[in-house]
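This report describes one protein chain from its sequence and its coordinates. Overall figures come before individual helices and residues.

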Amino acid sequence: MFKQLGDRFRRAVSDFAEANDIPWVKFGKNDVGGKLELMRPHLDRQAATGRSGVAAIGVAQEFQRVWTAYERQSPAGAVQWWFTKTDRRVSCYYFYLWDIDFGPAFIKVCTYFPYPAKVWLNGHEWAKCQAERAGIGFTALSNGFAATDDPVVLQAICDRLGPGVINVFLQRWFARLPLPFTTTDRDAGYWWETSMRQIETSRTIVFDAPRHARGFFEALIADNLDLGRPHNIEIIFNRRVRRDTQGTFRTAIDRRDNGGVLVNVFYKHSRIKQYLKDGRAMRIETVVNAPRDLGCNARLPNLEELSAKARACNQRILDAERVGQGCVLASPAFERIAHPSVDAEGRRTPALRFGDPRVMALTGALCHTLLAATGFTNKNLRVLIAGLLGSDYRPGQMTYDLRRLRLAGLIRRLPHSNRYVLTEDGLRIAVFYTKIYNRLLVPLTAASQPQAPGLKQSRLILGVVGRGEVFPGG
């Protein structure tokens, strides 16, 4: 039965291609990541007509989750069929389309029951098509926008992309393409439910001076290699991370084909990637491979909720990086913090002198709270400071230091609570003190320390080995 259904579908696709003069493209095993480039000439040819249509049909052998039937006999000798789902290498058809609303797209349908299907769409291409129709001038970026005459209207166009628009696209093409399910099957309830397999939500920041873009971006990455740590992931993805949370938390730095740097921050099945786009813009993309990673259901009607949460992830990682880059202090601010002062009410604010061990531990502990959305308490901060100092740190000392920070305008107390959050000056001071101490003072003082026992002898031995000399008796 399954074979008959599959053969009927294959004949329908073959007849459809012949009747509409649609070319066939056979994909090889090495074309997994380059199918779109192989189809590009066909898509360009269809786009030149200005009409929606199937540009080409691709055929590939891929592993799919399909039904498999097994024959067995009952104890009485009767023949029974046992059905189970398994991964099998089967034929898949790729219908590469050029749509007047969405531009290039494809619909993939497996040739074996239950005919799993996949749809690929590009929201940037859809927004470009809508902007051209509306007469809005723009400068295109590869898979994005570099500039536009009317940013407000263009943003409103982008916000219109939702489940309804995508569903119209699906129904339009399902009505035109040959499918394994007939109208009778659909009326009986045998049809696909549209769900989200992978959603990429991006934010593109175009630089005013592109010639400095690469240097700035690589310096930005060097300052934020710890974004993948669990305590940062918890804030960026706004999801609680516990000891039993599945997944690997890490920051991965990869080299792109054009020589640029690609940064990946992972959380469960999803990730945030950040890279330099066309040498003139910084792209931040939240790639959601499992909507439940962000607490959303996978059906298409939940797209707007998922997109909002992904945009929030993009904004939070940008906020975290902005803190690290915006730590250059103006001279008056530094003078106010580093020396004792008296405010208008006559309250004296003790100094927070750079280099003092207790002050450096205090600012280092504050850096641990940069992404704490709910702030920190006396107890939370005291544990961090004690760990950094490596000595006893009493509650009275913590109270005194909190007063110093509050009078200096580095922290503020949340209303009706015993929690504190950093102010803008507090963010800059904490990062500035910690960066200067770790990157300047620690390396300089380490150079004047005596060498570890045996280090000089180890260096001599390594030098001998490097010259290829042989030890006596060796």
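## Overall make-up

The protein chain contains 15 helices and 16 strands. Helices (H or I, at least four residues) and strands (E, at least two) are DSSP runs, numbered from the N terminus. The model is predicted: local features need pLDDT of at least 70, side-chain atom pairs count only at pLDDT 80 or more, and totals for chains, interfaces and linings use all residues. Residues are numbered from 1 along each chain as its sequence is written, and side-chain values use heavy atoms, with hydrogens and water left out.

Of the 474 residues in the protein chain, 38% are buried. Buried means under 20% relative accessible area, exposed means over 50%, and partly exposed lies in between (1.4 Å probe, protein chains only). The chain exposes about 27200 Å², and carbon and sulfur atoms supply 52% of that area. Accessible areas come from the Shrake-Rupley method with a 1.4 Å probe; for residues, only the protein chains shown count as cover.

Contacts (heavy atoms within 4.5 Å) also link distant parts of the sequence. Among those in the protein chain between residues at least 6 apart in sequence, 59% join residues at least 24 apart.

## Helices α11, α12 and α13

Helix α12 covers residues 378-389, and its end C-alpha atoms are 16 Å apart. This agrees with the expected span of 16 Å, because 12 residues are counted at 1.5 Å a residue; the expected span is 1.5 Å times one less than the number of residues. Just after α12, G390 has a positive phi of about 75 degrees.

The axes of α12 and helix α13 (residues 395-407) come within 10 Å and cross at roughly 110 degrees. Axes are lines fitted to C-alpha atoms, for helices over the stretch in contact, and angles run from 0 to 180 degrees between N-to-C directions. The two helices α12 and α13 are therefore roughly perpendicular. Angles under 35 degrees count as roughly parallel, over 145 as roughly antiparallel, 65 to 115 as roughly perpendicular and the rest as oblique. On the α12 side the contact involves N378, L381, R382 and I385, which meet P395, M398, T399 and L402 of α13.

Helix α11 (residues 357-367) also packs against α13: their axes come within 12 Å and cross at roughly 75 degrees. That crossing makes α11 roughly perpendicular to α13. R358, V359, L362 and L366 of α11 make this contact with Q397, M398, Y400, D401, R404 and L405 of α13. M398 thus appears in the contacts of α13 with α12 and with α11.

## Buried threonines

T286 lies in strand β12 (residues 281-288) and counts as buried because its relative accessibility is 0%. Its side chain makes a polar contact with the side chain of N314 at 2.6 Å. A polar atom of the T286 side chain also lies 3.5 Å from the backbone oxygen of A310. A polar contact is a pair of N or O atoms within 3.5 Å; within protein, one must be able to donate a hydrogen and the other to accept it, and residues adjacent in sequence count only if both atoms are side-chain atoms. Not counting residues up to four places away in sequence, T286 touches I199, E200, T201, R271, I272, A310, C313 and N314.

T349 is in strand β14 (residues 348-349) and is buried at 4% relative accessibility. T349 and R406 are 57 residues apart in sequence, with their C-alpha atoms 9.1 Å apart in space. Outside its neighbours within four places in sequence, T349 contacts H339, P340, S341, R404, L407 and A408. T363, in helix α11, is buried with a relative accessible area of 4%. Beyond four places in sequence, T363 is in contact with A430, Y433 and T434.

## Backbone features in loops

A cis peptide bond joins F113 and P114, with omega about 10 degrees. P114 is in the loop between β4 (103-110) and β5 (117-120).

Positive phi values also occur in residues other than glycine. D278 has a phi near 55 degrees and lies in the loop between β11 (270-277) and β12; D278 is partly exposed, with a relative accessible area of 46%. H416 has a positive phi of about 60 degrees. This histidine is in the loop between β15 (411-413) and β16 (420-422), and H416 is exposed at 86% relative accessible area.
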